[in-house]
Amino acid sequence: MLTLAQIKKDKEDILLKLKIKNFDGTKIIKKVIKADDMRRNLQQEADSKQAELKSISKKIGELMKQRKANEANIAREETSQLKNKIKSLQGKQADTFKIIKDLLVQVPNIPHESVPDGKSEQDNVLIRKGGRKHKLPENPLPHWELGKKYDIIDFELGNKITGAGFPVYKGKGARLQRALINFFLDENEKAGYREILPPLMVNEDSGFGTGQLPDKEGQMYYVKADNLYLIPTAEVPVTNIYRNVILDEGDLPVKNTAYTPCFRREAGSYGKDVRGLNRLHQFDKVEIVQIQHPGKSYQSLDEMVDHVEGIIKKLSGLPYRIVKLCGGDLGFTSALTYDFEVYSAAQEKWLEVSSVSNFESYQSNRLQLRYKDMNLKNNQHPHTLNGSALALPRIVAALLENRQTADGITIPKSLWRYTGFKIIN
RNA sequence: GGAGGAAUGGCAGAGUGGUCGAAUGCGGCGGUCUUGAAAACCGUUGUACGGCAACGUACCGGGGGUUCGAAUCCCUCUUCCUCCGCCA
């Protein structure tokens, strides 16, 4: 969330920039500022009463030592009213504080100045295109047909065991998953990311820290008995490593990568786009997360984009494009996002396989993540960034569809050492 | 799951009702000395909120309570350790 300091400093500018996200924050921000004024007054009053009580207590202590019980009792009588007053002031202050937080949580992150105007994904801006379209056989099959044909992805079996959106990968299909995971992790490690294997369930505080809670609660699977959430992305546990942490400036940038399964309820998104691997309740993903100095975070964002692009390129020619999200399509917590899409040749559509974002200090404020700034001589919120590198199912869908031949599905050369086979037939 | 013990500053570790934000040691930072370094010595060294500042307030695992006053007493939760049971 935005900090009070940010809001008080650049109110007009923030309101203007939020409009790019189609968000009118005028009322909320007004309320925030009003509540903050109230809160500060309450604190001043409470602090001074508290100081008074403290000095009386000290006095009583001394009187007791001098065995002046009577005088001590007189002093004691003064305190009860004071105590009530303090309690009430502190209660009010806590209430006001909660009001402020509840309001702040409703305000999305400020978009970066380069974010294009726009309402929906139609208005996203194409940055680059790459790869090449393969020559497909006549009547190319969509990936769900190919999965069936070669007996490598079984959706019905998943239905039986669990339900829709939980496919079973079999044989070379399973091996291909494992190969991709290892390939991605190796590429990330080569680029300086440290591998993390995090918990797959997180508590409420972690969910709040990265912004899934409170608003996106319905998107996560929830384990009631233990009050835990299944992670929708590795971003959640990996970023929360740094919740309530003060880093040294020299630690930056922090670069972590993690493979995890991801669990998403995807409530309300049934329909045409959910066939096959397009949208699942459980899928595998390798994530990259960076924590960076505010002055260098956009440099890091570019570096992450280049890195992800490099991985896709190594999948020999998978057609891809990179788009910069417009204000209307930009996520609630993001300041700037690039989406990576690969072409699904048989479905004839683009599938999102990675979303690389800079959250600036929006997450680190929630996380209470700080670093000691050498120049400013105090603790500052660093910027957090993350992206997929990469999400598996849609990559698999695109690989199967683009690389289908009369003889089977060919495997990109870069994966051979991971798969141990060159063709699925 | 059952029985017991513990949780204090970056780390180690004192403190069991009064002036304790907290002794001491180590580490970190600054300085003296030195050609430089080490050693020695001196100083400094948590976080948050409020305040122009002086300074005030809060924080000794989390939450609540008792008390004029809580690191210290009580309740509760969490985590860790030991023993028993179960177990990949």
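**Exercise 1.** In which sense do β10 and strand β16 (residues 383–391) pair, and over how many bridges?

*Solution.* Start with the conventions. This is a predicted model, in which local features need pLDDT of at least 70 and side-chain atom pairs count only at pLDDT 80 or more, while totals for chains, interfaces and linings use all residues. Residues are numbered from 1 along each chain as its sequence is written, chains are lettered from A and ligands numbered from 1 in the order in which they are written, and side-chain values use heavy atoms, with hydrogens and water left out.

Next, the terms. Strands (E, at least two residues) and helices (H or I, at least four) are DSSP runs, numbered from the N terminus. Two strands pair if DSSP finds at least two bridges between them.

Now the pair itself. β10 and β16 pair in the antiparallel sense over seven bridges. Within this pairing, Glu287 stands opposite Ser388 in β16.

**Exercise 2.** Describe how strand β10 (residues 282–292) is covered, and how strand β9 (residues 254–263) is joined to it.

*Solution.* Step one is burial: 10 of the 11 residues of β10 are buried. Buried means under 20% relative accessible area, exposed over 50%, and partly exposed in between (1.4 Å probe, protein chains only).

Step two is the pairing. β9 and β10 run antiparallel and are joined by 10 bridges. Asn256 has Val289 in β10 as its bridge partner.

Step three looks at one residue of β9, Thr260. Thr260 has a relative accessible area of 0%, so Thr260 is buried. Apart from neighbours within four places in sequence, Thr260 is in contact (heavy atoms within 4.5 Å) with eight residues, among them Pro198, Ile231, Phe283 and Lys285.

**Exercise 3.** Find the edge strands of the open sheet β8-β14-β15.

*Solution.* First, the sheet has three strands in the order β8-β14-β15, with mixed pairing. β8 (246–248) and β15 (378–380) each have a single partner strand, so they stand at the edges and one side of each is left without a neighbour in the sheet. On average, neighbouring strands here are turned by 40 degrees against each other, direction ignored.

Then take one pair: strand β14 (residues 370–373) and β15 are antiparallel over three bridges. Lys372 has Asn379 in β15 as its bridge partner.

**Exercise 4.** Classify the angle between helix α7 (residues 172–190) and helix α10 (residues 297–314), and sort the residues of their contact.

*Solution.* The two axes come within 11 Å and cross at roughly 140 degrees. That makes α7 oblique to α10. The classes are: under 35 degrees roughly parallel, over 145 roughly antiparallel, 65 to 115 roughly perpendicular, and the rest oblique. Axes are lines fitted to C-alpha atoms, for helices over the stretch in contact, and angles run from 0 to 180 degrees between N-to-C directions.

For the contact, Phe183, Phe184, Glu187, Asn188 and Lys190 in α7 meet His307, Ile311 and Lys314 in α10. The residues divide into three nonpolar, two polar and three charged. Here Ala, Val, Leu, Ile, Met, Phe, Trp, Tyr, Cys and Pro count as nonpolar, Asp, Glu, Lys and Arg as charged, and the others, Gly among them, as polar.

**Exercise 5.** Is Lys34, in helix α3 (residues 26–65), buried or exposed?

*Solution.* The relative accessibility of Lys34 is 61%, so Lys34 counts as exposed. Lys34 and Thr79 are 45 residues apart in sequence and 32 Å apart in space, C-alpha to C-alpha.
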